[in-house]
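Me: Could you take me through a close look at one part of this model, starting from its charged side-chain pairs and then setting them in their surroundings? I would like one connected account, please.

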Amino acid sequence: LDSADPATRVRAVEGISSGPPGDAAPLLMIALADSDARVRDAAGRALASIPGEALMESVVGVLGWGDPTVARAVGAALPTLRNALEAPLLARFESHESPRVERMAAAYCLGRIGSARSGPRLVEEVWGDDLVLALYCADALASIDDPGLLREHVRMASHPRVQMRVAAYRGLARTGGDEARRALLEAASGRAERDTSARKTAIRLLAYVPNDEVVEFLMGLVRAD
């Protein structure tokens, strides 16, 4: 993997992938951050064949304590690994015996892979006492395409923490529909959102749920300026 020749590094990835999964996964994740696309592609294909539990352990470890460059590369690859990762990630997140940083990493991953199954458990933590974990869960919820989460996004839009409300606005824009549009308009108008920065976020997100009422509202802002 340290060779200057990309073709050699590709062969190294292929060789590593035939070894014990627990040993192979961390090295393959390093290869995901390689400067050559051929090496990155080979690493992605190899990781898809790693058993879920071993893969999850390495993903959580990299995201919790690993090199930032490798962590970004792993984060970008997560959606392609959903089938293998969803069940073990959810189990790790649900276990209160898991270290806090691992639960945060699992929440991030569940959002990146779009795990609708994790929605109810993420929602529980959004309203919990651990603010940092709650923020990870709120961001994860905003990344999941699941119309069933609409009511939770609406509810979260009234959260006492502004960071949670901003995540809720992103979730509302992703979900769309009349109810989401009404909630965003309430925030964008200032009727339901007093924080200036959060209100600006809601205004920007209205572009994802357009109708005549939204256009008229935005035109009113332009005229006011």
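Reply: Let's start with R223 and E216, whose side chains meet in a salt bridge with an N to O distance of 2.9 Å. Please keep in mind throughout that this is a predicted model. R223 counts as exposed because its relative accessibility is 56%, where exposed means over 50%. E216 has a relative accessibility of 47%, so E216 counts as partly exposed.

The helix to look at here is α14, which covers residues 212-224. Its 13 residues reach 18 Å from the first C-alpha to the last, close to the 18 Å expected at 1.5 Å a residue. At the N-terminal end of α14, N211 acts as a cap: one of its side-chain oxygens lies 3.1 Å from the backbone nitrogen of E213.

The pair we began with is one of a larger set, since the structure holds 19 salt bridges. The general idea is familiar: side chains of opposite charge can pair when their charged atoms come close. A useful next stop is helix α6, where E86 and R82 sit 4 residues apart, about one turn of the helix. Their side chains form a salt bridge at 3.9 Å, N to O. E86 is buried, given a relative accessible area of 10%, whereas R82 is partly exposed at 32%.

Another salt bridge joins the side chains of E102 and R92, at 2.7 Å, N to O. This pair links distant parts of the chain, with E102 in helix α7 and R92 in helix α6, 10 residues apart. E102 counts as buried because its relative accessibility is 14%, and R92 is buried too, with a relative accessible area of 13%. The cut-off for buried is under 20%.

Salt bridges also join up into a network, which links E94, R103, R121, E124 and E125. Two of these names, R121 and E125, come back among the buried residues of helix α8. That helix is worth a pause: 6 of its 8 residues (119-126) are buried, so α8 is largely enclosed by the rest of the structure. Besides R121 and E125, the buried residues are G119, L122, V123 and V126. What do they pack against? The buried residues of α8 have α6 (82-94), α7 (100-112), α9 (131-142), α10 and α11 as their packing partners.

V126 leads us on to H159, which contacts V126, W127, M164 and R165 once neighbours within four places in sequence are left aside. H159 belongs to the loop between α10 (150-156) and α11 (162-175). With a relative accessible area of 7%, H159 is buried. Its side chain also reaches the backbone nitrogen of R161, at 3.0 Å. To connect this loop with the place where we started, compare H159 with D212: they are 53 residues apart in sequence, and their C-alpha atoms are 28 Å apart in space.

For a shorter C-alpha to C-alpha separation, try S197 and V166, which are 9.1 Å apart in space and 31 residues apart in sequence. S197 lies in helix α13 (residues 196-205) and is exposed, with a relative accessible area of 52%.

Towards the other end of the sequence, D36 is in the loop between α2 and α3 (37-47). D36 is buried, its relative accessible area being 15%. If residues up to four places away in sequence are not counted, D36 touches P6 and R9. Helix α2 (residues 21-31) also holds I30, which is partly exposed at 48% relative accessible area. Together with L1 and L27, I30 makes a nonpolar surface patch of about 240 Å².

Finally, here is the whole chain around these details. The chain has 14 helices and 0 strands, and its C-alpha atoms fill a box of roughly 60 × 40 × 25 Å along the principal axes. Of its 225 residues, 46% count as buried. The chain exposes about 11,300 Å², with carbon and sulfur atoms supplying 52% of that area. Among contacts between residues at least 6 apart in sequence, 60% join residues at least 24 apart.

Note on methods:
Residues numbered from 1 in each chain as written. Predicted model: local features only at pLDDT ≥ 70, side-chain atom pairs only at ≥ 80, totals over all residues. Heavy atoms only, no water. Patch = residues over 30% accessible without salt bridge, like charges linked within 9 Å, V, L, I, M, F, W, Y side chains within 5 Å. Areas by Shrake-Rupley, 256 points an atom, 1.4 Å probe, with all protein chains shown as cover. Salt bridge = Lys/Arg side-chain N within 4 Å of Asp/Glu carboxyl O. Helix = DSSP H or I, 4+ residues; strand = E, 2+ residues; numbered from the N terminus. Buried < 20%, exposed > 50% of the residue type's maximum accessible area, 1.4 Å probe, protein only. Polar contact = N/O pair within 3.5 Å; in protein donor to acceptor, adjacent residues only side chain to side chain. Contact = heavy atoms within 4.5 Å. Expected span 1.5 Å × (residues − 1).
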